[in-house]
Amino acid sequence: MMNRRKYQIPAIFLAMSLLLSACGGKENAAATMHLFKTEGTVQVNDAKGKSVEIMENLGLYSGYGVSTQESSYGWINLDDAKLAKLDEGSEAEVRKDGKLLELHVQQGSLFFNVAKPLEEDESMDIRTSTMMVGIRGTCGWVEVEDENLMRVYLLRGKVVCSILDKKGGTLVSQELAAGETATMTLDEKEASITIAAFDAGGIPDFVTEEI
């Protein structure tokens, strides 16, 4: 009897340890980004391209893509201080590695609002494969026609707009201030960023609803 009990006790502790490890693993893998609201027809795909069922406060992991159809919108909570909203007919992918966050916009328009300035070790970029907008703490929206044409409109704060080469090096970079718009273009001959003021009366409805 004594020998039997002697081996039972370690077995119980082993089972408890495995259970606690499993729970800890789930917490570590918990999503920090969520699709917290949708309107109309919105689709989500995981990093492998498989469709994910839409549900309330759907967790989004790095590599997940969100797309909207006509008259449809998707709101993404990136954390308590960072919000993004996809306009109708838009598509974007969220990418996150630690404190490094990217919103890769394939097409359409995306509103962003970063209420709290990022820490020194944080980054948030909105980009295509060749263009990047570095966000610190600001509000505005982007329009993407294709990977070589992006327009950025800034309502608050400052951002840095950059056009990149195929290796990720910076071809040209300019700072954009509130009330300005940047048109970023890239072709075989030239990379250019054109800065101009924009009319507040031209703010699109999907942005006006958020501000």
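This is a short tour of strands, rings, cysteines and salt bridges to select in your viewer.

Before you start, note that this is a predicted model, where local features need pLDDT of at least 70 and side-chain atom pairs count only at pLDDT 80 or more, while totals for chains, interfaces and linings use all residues. Residues are numbered from 1 along each chain as its sequence is written, and side-chain values use heavy atoms, with hydrogens and water left out.

**Strand 1 and its partners**

Select residues 33-39, which make up strand 1. Strands here are DSSP runs of E, at least two residues long, numbered from the N terminus; two of them pair if DSSP finds at least two bridges between them. Now add residues 58-60, strand 4: the two run antiparallel and are joined by three bridges. Look for His-34 opposite Gly-59. Next, add strand 6 (residues 73-79), which pairs with strand 1 in the antiparallel sense over five bridges. Here Lys-37 faces Trp-75 across the pairing.

**Rings and charges**

Stay with Trp-75 and show Tyr-73 too. How are the two rings arranged? Their centres are 6.4 Å apart and their planes meet at 55 degrees, so the pair is tilted. (Rings of Phe, Tyr and Trp, the last by its six-membered ring, pair if their centres lie within 6.5 Å; planes under 30 degrees apart are stacked, over 60 edge-to-face, the rest tilted.) Both residues are buried, meaning under 20% relative accessible area; exposed is over 50% and partly exposed in between, with a 1.4 Å probe and protein chains only.

Lys-37 lies over the face of Trp-75, 4.4 Å from the ring centre, and the charged end of Lys-85 sits over the ring of Tyr-73 at 5.2 Å from its centre. That label needs NZ of Lys or CZ of Arg within 6 Å of the ring centre and within 35 degrees of the ring normal.

For another stop, select Trp-141, Tyr-153 and Phe-198, which form one aromatic cluster.

**Cysteines**

Cys-139 is buried at 5% relative accessibility, and Cys-161 is buried at 1%. The disulfide count is zero, taking sulfur atoms within 2.5 Å as the rule.

**Salt bridges**

The whole structure holds 10 salt bridges, each a side-chain nitrogen of Lys or Arg within 4 Å of a carboxyl oxygen of Asp or Glu. Begin with Lys-82 and Asp-79, whose closest N and O atoms are 2.5 Å apart. Lys-82 is buried at 8%, whereas Asp-79 is partly exposed at 26%. Finish at Lys-158 and Glu-175, which meet at 3.9 Å, N to O.

Notes: Helices (H or I, at least four residues) and strands (E, at least two) are DSSP runs, numbered from the N terminus.
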